[in-house]
Amino acid sequence: MSSFENESPIRVLVVGCGNMGASHAFAYQLLDGFEICGIVSTGKSKEILNEKLGGGYSLFIDYDVALADTKPDAVCISTYPDTHEEFAVKALESGAHVFIEKPLADTVDGAKRVVEAAVKAGKKVVVGYILRVHPSWERFVAEAQGLGKPLVMRMNLNQQSHGYMWGVHRNLMKSLSPIVDCGVHYIDVMCQMTRSKPLRVNAIGARMTEDIPAGNYNYGQLQIWFEDGSVGWYEAGWGPMISETAFFVKDVIGPKGSASIVAKDAGGSGKSSSVEAHTKTESIRVHHAELNDQDEFVHQDTWINLEDEPDHQELCNREQRYFLKAIKEDFDLTDHLQDAVMSLSIAFACDESVRSGRTVDLV
């Protein structure tokens with residue numbers, strides 16, 4: 001039972017009806033504290049989503065018209081990244097709170113402008129870092145923080161996409177590279193694990209198809225150096241040519257041992273482009289480095305199997321519960337937004353490194 005059920009629901013305008021937008025819309029319909037006041041998309045997806053939700057919602061092609069007509073309390077933005085800044089600022093200036101899918105904007109300056117608009121309007125902005133509401137990822141970060149310093153963090157998510165998902169990835173690459181769009185999640189995780197200042201980045205990339213804009217690349221790998229001596233790398237590739245061998249690596253090593261996500265099912269053949277599989281952890285394997293006087297391990301590896309393993313829809317539900325509490329309980333989201341700007345800044349520095357062929361120092 002919601003603690004907010006006796007209060008007026010938050011009237012939310014759903015903007016963007018793809019995979020994430022639809023999942024957030026289902027969350028709004030499920031949760032007592034929200035009420036959908038309109039659905040916006042430029043294509044047919046709004047009609048499809050409206051039907052799946054049971055019908056009866058106001059549908060709009062034009063965002064500005066929808067904002068003026070519905071006068072929402074909140075706006076959920078799940079469109080392509082090149083619209084994020086404009087849509088978020090307009091929503092905030094109209095007096096609405098904002099839930100926005102990552103990345104916060106398609107430039108660092110744009111992300112800062114969204115934060116400034118939120119402060120000026122006195123409204124909440126929550127960024128869709130879905131791993132932050134996943135109990136197994138929270139535990140993974142906590143285990144990493146107990147391994148000592150420096151940390152070595154190894155992560156990737158390569159996606160052998162085809163059909164619908166290749167269409168999604170091609171559209172994303174009209175404005176962002178995989179290591180920016182997808183990498184912000186895992187850069188954010190690395191920053192949580194170290195809580196140390198990132199110093200510099202290096203990255204490589206390759207354009208392996210004529211199917212994307214000439215200035216972009218569909219494979220990238222980045223490296224980050226932190227002030228405490230920690231280092232991390234992340235790799236992302238999208239497309240029908242991507243290998244499914246070792247495409248799912250989530251690993252952190254410290255002086256006291258290591259922690260690894262072992263996702264037997266999510267890491268299986270044919271799962272690399274499954275959004276449902278990307279958040280699954282299944283098990284965390286913790287290795288203890290302590291040796292005895294014969295240089296043999298003192299402790300066996302520990303397997304952590306958390307019973308709370310939410311699926312993709314439940315994770316979106318949890319994001320929206322957090323958004324609701326942030327509004328109703330007036331959360332201070334300063335750190336949340338600073339973290340979002342930081343992870344995006346690092347990702348774009350990596351993008352710059354790919355294009356320049358040089359190491360980039362972070363100011």
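**Disulfides**

I looked for disulfides in this predicted model and found zero; a disulfide here is a pair of cysteine sulfur atoms within 2.5 Å. I then checked two cysteines. The sulfur of Cys37 has its closest cysteine sulfur in Cys76, 11 Å away, so that is too far for a bond. For Cys350 the closest cysteine sulfur belongs to Cys191, at 10 Å, again too far for a bond.

Are these two cysteines buried or exposed? Cys37 is buried at a relative accessible area of 11%, and Cys350 is buried at 0%. I use buried for under 20% relative accessible area, exposed for over 50% and partly exposed for in between, with a 1.4 Å probe and protein chains only.

**Ground rules I noted**

Residues are numbered from 1 along each chain as its sequence is written. Local features need pLDDT of at least 70 and side-chain atom pairs count only at pLDDT 80 or more, while totals for chains, interfaces and linings use all residues, and side-chain values use heavy atoms, with hydrogens and water left out.

**The annotated domain**

I pulled the UniProt record, an unreviewed entry, which puts "domain: Gfo/Idh/MocA-like oxidoreductase N-terminal" at residues 10–129. Its positions are in the numbering used here, feature names are shortened, and annotations may be inferred rather than shown by experiment. Over residues 10–129 I get 43% helix and 23% strand, with the end C-alpha atoms 21 Å apart. Helices (H or I, at least four residues) and strands (E, at least two) are DSSP runs, numbered from the N terminus.

**His24**

I went to His24 next, in helix α1 (residues 19–30). His24 is buried, with a relative accessible area of 0%. What does His24 touch? Leaving out residues up to four places away in sequence, I list Cys76, Ser78, Phe99, Glu101, Cys316, Glu319 and Gln320. Contact means heavy atoms within 4.5 Å.

**α6 against α9**

Two packed helices are described by the angle between their axes and the distance between the axes. For α6 (residues 135–145) and α9 (residues 183–194) I have an angle of about 40 degrees and axes 9 Å apart. The contact is made by Trp137, Phe140, Val141, Ala144 and Gln145 on the α6 side, and by Tyr186, Val189, Gln192 and Met193 on the α9 side. Axes are lines fitted to C-alpha atoms, for helices over the stretch in contact, and angles run from 0 to 180 degrees between N-to-C directions.

I therefore call α6 and α9 oblique to each other: under 35 degrees is roughly parallel, over 145 roughly antiparallel, 65 to 115 roughly perpendicular, and the rest oblique. The crossing of α6 and α9 is right-handed, meaning the near helix is turned clockwise from the far one by less than a right angle (anticlockwise would be left-handed).

**Backbone oddities**

Most residues other than glycine have a negative phi, and most peptide bonds are trans. I looked up the exceptions below.

- The bond from Lys102 to Pro103 is cis, omega near -5 degrees; Pro103 is in the loop between β5 (97–101) and α5 (108–121).
- Lys149 and Pro150 are also joined by a cis peptide bond, with omega about 0 degrees; Pro150 is in the loop between α6 and β7 (152–157).
- Lys71 has a positive phi, near 45 degrees. Lys71 is in the loop between α3 (63–70) and β4 (74–77), and is exposed at 62% relative accessibility.
- Asp330 has a positive phi, near 55 degrees. Asp330 is in the loop between α11 (312–328) and α12 (334–356), and is exposed at 56% relative accessible area.
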